[in-house]
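Please work through the exercises below with the sequence and the model at hand. Each task is followed by a solution in steps.

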Amino acid sequence: MAYYLVPPNAASSCIAPSLGRVKRGVGTIEPVVNGATNGTTKAPYPFHTDAEPNNPTVIPRDTLGNFHFTFLIRHPRSSIPSYYRCCVPPLDTVTGFYDFMPSEAGYDELRRLFDYLRSIGQVGPATAGQTANGRSASNGDHSSNGVARGVEVCVIDADDLLDNPAGIVEAFCKSTGIDFTPDMLDWSTEADHQQAAEAFSKWPHTNMNDGKKKKVKSVEEENSEWAEKYGEKGAKVIRDTVDANLDDYEYLKQFAIEV
């Protein structure tokens, strides 16, 4: 979702007009004017609102501060072809996605949001699954020697979650202060099946993981598979998009929970 909060292509940001009004009293609203971010003093659209220093999003820092951020990442070799598949026949008529846009991958925007939240101390410096001075910093305890700090950096890699759902979910709950119970992973009842069927009704071709660790394919195997499914042109678009987002994924991966 970071893609929708951060202007694409590293463009300068300014606060969304609906969030950037300054209230001076009952019944009075004073419009704000552009600030400066990355050397830009005027937004390229008719709504002239403030830009907060170093804030890459369209949301004020004070509003961002109301949320406990955690991050879910997926290797682009899995996410990009999955997204591309939704933008071509026959799934395009189901999803309503008729154009594959590499800029919508969102890895760059997620990394910029992640780094910003770390820089202002809203998350970190402790990382979920790691310890500080030999003592765990989890269970919702986000202070050190009586000094408050941001919530833990909590990053989950989708492959890790599929490979070890119980361990990752328990670690996530520990980091966020949620009481973990094993029945969180039990979807065996008829009601559970019905809920899952309704949730995925728009995605009838979704491949549900069977619990087995998937073999990592070589670049050549991936290219061949994508070319067979989507043609040489489609395979090249997928490969270029995967490669373009790999650095951002690997950067975020270093913070992922390990159990």
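The exercises concern a strand, a helix and aromatic side chains.

The model is predicted, local features need pLDDT of at least 70, side-chain atom pairs count only at pLDDT 80 or more, and totals for chains, interfaces and linings use all residues. Residues are numbered from 1 along each chain as its sequence is written, and side-chain values use heavy atoms, with hydrogens and water left out.

**Exercise 1. Determine whether strand E4 is largely enclosed or not, and describe its pairing with strand E9.**

Step 1. Helices (H or I, at least four residues) and strands (E, at least two) are DSSP runs, numbered from the N terminus. Buried means under 20% relative accessible area, exposed over 50%, and partly exposed in between (1.4 Å probe, protein chains only).

Step 2. Strand E4 covers residues 123–127, and four of these five residues are buried, so the rest of the structure largely encloses the strand. Ala-126 belongs to E4 and is buried, at a relative accessible area of 17%.

Step 3. Two strands pair if DSSP finds at least two bridges between them. E4 and E9 (residues 151–153) are joined in the parallel sense by two bridges, and Val-123 lies opposite Val-151 of E9. The C-alpha atoms of Ala-126 and Glu-152 are 5.1 Å apart, although 26 residues separate the two along the chain.

**Exercise 2. Compare the end-to-end distance of helix H8 with that of a straight helix, and locate its bend.**

Step 1. The expected span is 1.5 Å times one less than the number of residues. For the 35 residues of H8 (219–253) a straight helix would reach 51 Å, but the end C-alpha atoms are only 20 Å apart.

Step 2. The bend at a residue is the angle between axes fitted to the seven residues ending there and the seven starting there. At Tyr-230, H8 bends by about 125°.

**Exercise 3. Classify the ring pair of Tyr-83 and Phe-100.**

Step 1. Rings of Phe, Tyr and Trp (its six-membered ring) pair if their centres lie within 6.5 Å; planes under 30 degrees apart count as stacked, over 60 as edge-to-face and the rest as tilted. This rule gives ten aromatic pairs.

Step 2. The ring centres of Tyr-83 and Phe-100 are 4.9 Å apart and the planes meet at 45°, so the pair is tilted. Tyr-83 is in helix H2 (residues 76–85), whereas Phe-100 is in the loop between helix H3 (92–95) and helix H4 (107–119).

Step 3. Both Tyr-83 and Phe-100 are buried.
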